[in-house]
There are 2 protein chains.
Amino acid sequence: MTDLNTLGEIGLIDRIRNATPAPTHSETVRGIGDDAAVFDWGEDYGLLATDMLVEGIHFDLTYVPLKHLGYKAVTFGVSDIAAMNGLPLQLTVSIGLSSRFPVEAIDELYDGIRAACEAYNVDLVGGDTTSSRSGLIISVSVLGKVPKSQITYRNTAQPDDVVCVTGDLGAAYLGLQLLEREKQVFMADPNMQPGLSEERAYLIQRQLRPDARTDIVHELRDLDIRPTAMIDVSDGLASELLHLCRQSGKGAVIFDENIPIDDQAYLAADEFKISPVTAALNGGEDYELLFTVRPQVFEKLANNARITAIGYLTNNPEQIVLATKAGQQTPIRAQGWT
Amino acid sequence: MTDLNTLGEIGLIDRIRNATPAPTHSETVRGIGDDAAVFDWGEDYGLLATDMLVEGIHFDLTYVPLKHLGYKAVTFGVSDIAAMNGLPLQLTVSIGLSSRFPVEAIDELYDGIRAACEAYNVDLVGGDTTSSRSGLIISVSVLGKVPKSQITYRNTAQPDDVVCVTGDLGAAYLGLQLLEREKQVFMADPNMQPGLSEERAYLIQRQLRPDARTDIVHELRDLDIRPTAMIDVSDGLASELLHLCRQSGKGAVIFDENIPIDDQAYLAADEFKISPVTAALNGGEDYELLFTVRPQVFEKLANNARITAIGYLTNNPEQIVLATKAGQQTPIRAQGWT
């Protein structure tokens, strides 16, 4: 018998993919291995992405409001569609829950789901409800579409491409550290008032109610830019960059000082004695987009405040490195199964 | 605070549906309320169904082999597509599991998933794998399609329609009783040999590895028959008949002696001192199809060994009854939240 931990999540997905036969339907363009499956729908490609959130693994109901959790579950799925350069159409949400949840709790959860559906312009069309003996489980499937000429995969990056990232990174992870610290304080003395200051509001919001970047998909279309490759940053910049490089057979040089990090994240990282760059590389849950564009195309994005160039790709897949101002290079590694 | 049990599963789904705004995408034809959501894909309607299976609620790994469980999970989703008179195209499977599962166990589960994909001609295109602190969780989403002229909803049955059911009912429930009994024997004395005789093989197979009736969808197309309404029998005949009647605004008279029940089911019901008709009405997990056809259309099916006429519909939605040979009528009721 082989311990699951020796394989890791990526090893497990590779194992499942390698054992899966080629599709038999001509409509199936791509299966396992990107942010969403891809289907031939005539003029457009159809997209299907699915995500599962498990209590105690992905969220802690002692500090996650159910409304935010509902919103975040939709964000998970929509972000996968955005990573294919697509926009969402329809969504199903299945929940497993124990009878310890009152009806009002389910209402709250669905309030968040509906708020996200409105924000992302996606129709809630179904799901499943079932009992669960343990905690809350949420499974989201999102259908989307993308014009055939605009689809963006992970494995099509080119050497010399500019590596871009939207928004800022690491804030969601530092928000989680703040919430975990408050939980410890509260558990030690339930009469303590929470010590979360207004100044940290951005970090908390990034953790509890992240937004999928469908706005960037619209913006790229408006600018007539199709990235050469794209992936969403759900598990941290390091892990996603390695996916993109590995699947494209390319290397990358990322400049540490270019990684966009919010001022609040710098302050919190200092307080927790964490390197802010490490939070950006390995923290995860930012739901930003990591994409690559040809150097000549990047000119159109150079002055865009929502997009930052953080490095470039090379032809050497062995070289995926973080470069400092001083010229030092260290290999970028991903964390294992979490 | 309102206890979830006071609402029940159907009440909860109604509550979610009533709070869900109308779809904004013109492609969304139908959302919550049937076996699958329905989309306008041009020539065909697209279908999306999703199901969640939770350890300790839907399956007990002390007697359910993982390979059968994988097969059954796919059957759940494909059966929903068949209930819309559609055929499946693509499938995603998300699993939550703890590290107590060795890699070989996951291989077994996926062996069953792949066997089902081959049997139903559906492409496995993706999913999600995550940790779970408690048991195994499986979430399946199936995309399918149906020619627009063939789509079959739950709410379009007509008075005088013949009520038909495929295969036989109650066997899966009685198979579960047999497995539960053997588990008790085994727990009392782990040295006992299992006492499951060959004669009960059909019941065990119906419980552990049920088949979705895509064969019937093909057959109805070959015979050029479009049912007036259809639903799959996942929660027992009573519950599904009530859904179909309630959503169509019709009543029904079902003849108890017409309900198809296998000989092995009769024998096991006798042994467990359960009425075989009750097992068929409330047992569930048969994954047969319940459908209605116009009386003149039924002639084409009258000699079909795989399809049985069990009653007819009326214009009186208050009258949904089981009729005995002797002429007695008793109202059909569904069980509550399970």
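Into which domains is chain A divided? In this predicted model, the chain splits into domain 1, covering residues 4–149, and domain 2, covering residues 162–331. Two contacts can then be explored in turn: one inside chain A, between its domains, and one between chain A and chain B.

The contact between the domains comes first. Taken over C-alpha atoms, the centres of domain 1 and domain 2 of chain A lie 22 Å apart. Domain 1 of chain A brings 29 residues to the contact and domain 2 of chain A brings 27. The size of an interface is often expressed as the accessible area that is lost when the parts come together. For domain 1 and domain 2 of chain A, the buried area is about 2400 Å², with 54% of it coming from carbon and sulfur atoms.

Specific pairings also link the two domains of chain A. Three salt bridges are counted between them. A salt bridge joins A:Lys72 to A:Glu285, with 2.9 Å between the closest N and O atoms. The count of residue pairs in polar contact between domain 1 and domain 2 of chain A is 13. On the side of domain 1 of chain A that touches domain 2, at least two residues each are supplied by H1, helix H2 (66–82), S4 and S6 of chain A. H2(A) gives the most to this side, with nine residues. Sorted by class, this side of domain 1 of chain A holds 14 nonpolar, eight polar and seven charged residues.

Attention now turns to the contact between the chains. How many residues does each chain give to it? Chain A contributes 73 residues, and chain B contributes 73 residues. Together, chain A and chain B bury about 6100 Å² between them, and 61% of this area is on carbon and sulfur atoms.

Across the interface of chain A and chain B, four salt bridges are found. A salt bridge connects the side chains of B:Lys145 and A:Glu27, at 2.8 Å from N to O. The interface of chain A and chain B also has 32 residue pairs in polar contact. Both helices and strands of chain A take part: helix H1 (4–19), helix H3 (103–120), and strands S1 (28–30), S2 (37–40), S3 (44–54), S4 (87–97), S5 (123–131) and S6 (137–147) each give two or more residues to the side that touches chain B. By class, that side of chain A comprises 33 nonpolar, 27 polar and 13 charged residues.

Note on methods: Residues numbered from 1 in each chain as written. Chains lettered and ligands numbered in written order. Predicted model: local features only at pLDDT ≥ 70, side-chain atom pairs only at ≥ 80, totals over all residues. Heavy atoms only, no water. Contact = heavy atoms within 4.5 Å. Buried area = accessible area lost by both parts, 1.4 Å probe. Polar contact = N/O pair within 3.5 Å; in protein donor to acceptor, adjacent residues only side chain to side chain. Helix = DSSP H or I, 4+ residues; strand = E, 2+ residues; numbered from the N terminus. Nonpolar A, V, L, I, M, F, W, Y, C, P; charged D, E, K, R; others polar. Domains from an automatic or database assignment.
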